[in-house]
Amino acid sequence: MENLVLQALSGLASASSLFLVASGLTVIFGVSRVVNFAHGSLYMLGAYLAYSLVTTLPRGHLGFWGGVIGAAVLVGLIGLVVEVLLLRRIYRAPELFQLLATFGVVLIVQDLAQMIWGPQDLLGPRAPGLRGSIEIVGMRFPLYELFLIGVGPVVLGLLVLLFHRTRWGTLVRAATQDREMVGALGVNQRMLFTSVFFLGSLLAGLGGALQLPRESVNLHMDLAIITEAFVVVVVGGLGSLTGAALAALLIGELHAFGILIVPKITLVLVFLVMALVLVVRPHGLLGKPEAAARGGQGSAEPVIGPAPPALRWLGLATLAVAVVLPPFLGDYAVSVLTELAIAVLFAASLHLIMGPGGMASFGNAAYFGIGAYGAALAAQWLGAPMLAGLALAPLAAGVFGLLFGYFCVRLSGVYAAMLTLAFAQIAWSVAFQWVEVTGGDNGILGVWPSAWAAPKLVYYYLALALCLGATLFLRRVVHAPFGYALRAQRDSALRAEAIGIDAFRIRWLGFGLAAAAAGVAGGLFAYGKGSVFPTYMGIPRSVDALLMVLLGGVQTLSGPIVGALAFTGLQEQLVRITDLWRLILGCIIVLLVLFFPQGLAGAARARWEARHGDA
Amino acid sequence: MATLEVAGLEKSFGGVRAVQGISFSVRPGEMLALIGPNGAGKSTCFNMLNGQLRPDAGSVRLLGREITGMAPRTIWRLGVGRTFQITATFGSMTVLENVQMALLSHHRRLGGLWRPVARMDAAPARALLERLGMAEQAARPCGILAYGDLKRVELAIALANQPKLLLMDEPTAGMAPQERVSLMALTAQIARESGIAVLFTEHDMDVVFGHADRILVLDRGRLIAEGAPAAVRADPKVREVYLGSGAVTGAH
Ligand SMILES: Nc1ncnc2c1ncn2[C@@H]1O[C@H](COP(=O)(O)OP(=O)(O)OP(=O)(O)O)[C@@H](O)[C@H]1O
Ligand SMILES: [Mg+2]
């Protein structure tokens, strides 16, 4: 019994910390509609800056609390700079581009933090005056945790006062409800956005700084917190402060009690809850449906036609190189080329959902991974030969795509994206925690190709043929009635429905088809590597796919191909030549977003059309 | 038998009683105009007829069959074509492809994964566009079309499944006066030839009084007059609703 009370209290402390971060995220989203992936990086910077300040300032109350507040303010200023230099220029860009840009910031901050503070974990001092613990129901409970429990409600109270008692706050609330209106009122929107970013970043920084006495500061804090914060914000309802508080409470306590009740599924519990909430309430606990998310008058996506001759020749030339060159290369280079071919198909599968389908998926790696595990499990437990495994991969991925997609495609925008992420995390944690079957973290080893395909070169040609075939098939689908129906429901759900198109069905089947294609890629990857690991389904791999598609350009059919080649090639090269590949990749992404908002293939096409005159 | 029979249709949004128990019917080949000032409930009424909104009360029958509460796509398959007050077309497709989509859907061929759309139902789509004077625009993307042309595309789409009933919400908005008259004349001609019942709303009184066989007047959700154009024009209640605008007296 006493144990439960303590557990509940420590759940409250986590909830409180989580709320600090999530509140900043939700306030920023409410006003600017930017899904700020870099919010976790700001949190991490808060922790690092607090460490530096607290350890340099004189010890004592002033040093510690001054350091914490100072770190929060500094992070607020950093957020402000990011807003002014980057985000301000891309408010009109599609949601996903903003996401891509903020992800570039994540990469940059990771390397900068490593350069400044080094790779080792840093342990900060404990808070003066709050070092001890007190006795609650006969057990000891740390004072600092108790203090944290108080911080959340106090910050919530202050924010509510700020939003309801000041003119600025009224404007923020108005902007959250209706952006156009605030513009129409003649309010200085720039100032409003910038100040909101400052506040949101400050809250993230404060959240990070306050962790100093609780846990060590390290380079993984950013991604760890951002997923949790997203979950809280989405469960609460985007833009809703009270919703975020409620959700933080829910998630905090879930963590605390999940460990006691169902230790086996702790990792997945949070995502299960998010999936459940979104299935029942598509806009989170307290969120409101967004008014015409896509903006009725929004610029139309381009028409698709047959590829122009120049592009065909380029494609054929690339293919010729891909076929002729490898026999002259070493094993390593051939493996890299195999991975490139697989990356192209993986990106093409996501592109089908995002481009023609008009939906975002943050969880495409799930289907890649399910394909890989399908093949590996069949090999491990059934002794299936390679071809059977490769056939099973798309089947397994397709079935799960249909299962998960059934829920995902009912939602829209960020909510849909987050639900795909939740399912991917569920799949990941099953692979991670169901050790008896999947081998857990150690993965499944010895997934080797059949003897005839064992030479690297033969396997490469097999992968090339399958990936190319599947990618061209997807391309064909986009030109076929089904692909048109996908675009139809994206362009105008109203019109699609009014000419007998069942938008849900089309999206659902499209999701399943894309999943099956990702499964082919995953299966090939498994046999290529000889092993599968839970990381195949991890968030980083989903993000890779997103980056490839966005880099190439969402609204061009060659986009995913160009993007996959550019991204994989670039990453491969950067990793080889420099330790700072994240920094450079991040900068490249940011610059691309700023100067090539249509992606590489999109920009090339715009050039081409400008020179040859539009149809 | 009447193509469309509507009885006691009602819809409220919160406190706003947008449509309050209206009844009427449309015969095959008839042009029926639904007019009324802004916010009278015309679009709301249309939305209930094609299934986009579920009525609070009342019934809608198509060729004697109860269709109340069915999904728009089901109602479309039963033969109801519609154009929107604010045009809704597929902006990333050409004019021709937009019409092809309606035809492909009508023929239930949208599941195809292999044959390119370019070669499917192109001829009938072209013929429809030809009929509506849009043949020259066939290859242009809908995303860059002038508003008046979009209205024509919508009409072509709506005619693609050989509808029994055509619902047209302000079909000539955004067009030049000349164009309006010719488009409505064409619509009337098609309707008579194919026995399509047409229900349309319109703010242009020249169009209404020039082409409607019968007129319904809606005001704040209620039908206040119904009848032949001449009778409606003479109706004092109608004059009162349109008082000051001169719209009714000004026509012809
Ligand atoms: N989705 C909705 N939610 C709330 N109120 C609505 C909604 N749709 C319509 N209304 C209200 O119902 C009433 C009727 O609107 P409707 O659009 O049917 O009018 P209308 O006759 O088509 O007008 P107009 O000539 O301007 O197109 C108006 O008061 C409108 O504000
Ligand atoms: Mg209307």
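Buried here means under 20% relative accessible area. That cut-off matters for helix α22 of chain A in this predicted model, where Ile539(A), Ser542(A), Val543(A), Ala545(A), Leu546(A), Leu547(A), Met548(A), Val549(A), Leu550(A), Leu551(A) and Gly552(A) are buried. Put as a count, 11 of the 14 residues of α22(A) are buried, so the helix is mostly covered. The geometry of α22(A) can be checked as well: at 1.5 Å a residue, its 14 residues (539-552) should span 20 Å, and the end C-alpha atoms are indeed 20 Å apart, which agrees. Just after this helix comes Gly553(A), with a positive phi of about 120°.

Next, the ligand. Ligand 1 has 13 residues around it, and those that come nearest are Asn38(B), Lys42(B), Ser43(B), Thr44(B) and Gln85(B). Three of these five side chains turn up again when it comes to the oxygen atoms of the ligand. For Thr44(B), an N or O atom of the side chain is 2.5 Å from an oxygen atom of ligand 1. For Lys42(B), the corresponding distance from a side-chain N or O atom to a ligand oxygen is 2.8 Å. Gln85(B) also has a polar side-chain atom 2.8 Å from an oxygen atom of ligand 1. On its own, ligand 1 has 630 Å² of accessible area, and the protein covers 61% of that. Two elements of chain B, β2 (16-26) and α1 (42-49), give two or more residues to the shell. The largest share is that of α1(B), with 3 residues. By residue class, the shell holds 7 polar, 4 nonpolar and 2 charged residues.

Backbone angles come next. Most residues other than glycine have a negative phi. Two residues of chain B go against that pattern. Arg108(B), not a glycine, has a positive phi of about 55°, and Glu170(B), also not a glycine, has one of about 50°. Both sit in loops: Arg108(B) is in the loop between α3 (95-106) and α4 (122-131) of chain B, while Glu170(B) is in the loop between β7 (165-169) and α6 (177-194) of that chain. What sets the two apart is exposure. Arg108(B) has a relative accessible area of 62%, and because the exposed class starts over 50%, this residue counts as exposed. Glu170(B), at 9% relative accessibility, falls under the 20% limit and therefore counts as buried.

What about the cysteines? Searching the whole structure turns up 0 disulfides over all chains. As for the cysteines of chain A, Cys467(A) is among them and, at 3% relative accessibility, is buried. Cys587(A) is partly exposed, with a relative accessible area of 34%.

A few other sites in chain A are worth a look. Asn36(A) is placed in the loop between α1 and α2 (39-56). At 3% relative accessibility, Asn36(A) counts as buried. A polar atom of the Asn36(A) side chain lies 3.0 Å from the backbone nitrogen of Ala38(A). Helix α1 of chain A (residues 2-32) holds Ser17(A), which at 10% relative accessibility is buried too. From Ser17(A) to Gly357(A) the C-alpha to C-alpha distance is 37 Å, with their positions 340 residues apart in sequence.

Val235(A) belongs to helix α9 (residues 221-236) of chain A. Its relative accessible area is 0%, so Val235(A) is buried. Taken with Gly469(A), 234 residues apart along the chain, Val235(A) gives a C-alpha separation of 40 Å. His255(A), by contrast, is partly exposed at 31% relative accessibility; this histidine lies in helix α10 (residues 241-261) of chain A. His255(A) and Glu135(A) are 120 residues apart in sequence, and their C-alpha atoms are 23 Å apart in space.

Technical notes: Residues are numbered from 1 along each chain as its sequence is written. Chains are lettered from A and ligands numbered from 1 in the order in which they are written. This is a predicted model: local features need pLDDT of at least 70, side-chain atom pairs count only at pLDDT 80 or more; totals for chains, interfaces and linings use all residues. Side-chain values use heavy atoms; hydrogens and water are left out. A disulfide is a pair of cysteine sulfur atoms within 2.5 Å. Buried means under 20% relative accessible area, exposed over 50%, partly exposed in between (1.4 Å probe, protein chains only). A residue is near a molecule or strand if one of its heavy atoms lies within 4 Å of it. A polar contact is a pair of N or O atoms within 3.5 Å; within protein, one must be able to donate a hydrogen and the other to accept it, and residues adjacent in sequence count only if both atoms are side-chain atoms. Accessible areas come from the Shrake-Rupley method with a 1.4 Å probe; for residues, only the protein chains shown count as cover. Helices (H or I, at least four residues) and strands (E, at least two) are DSSP runs, numbered from the N terminus. Ala, Val, Leu, Ile, Met, Phe, Trp, Tyr, Cys and Pro count as nonpolar, Asp, Glu, Lys and Arg as charged, and the others, Gly among them, as polar. The expected span of a helix is 1.5 Å times one less than its number of residues.
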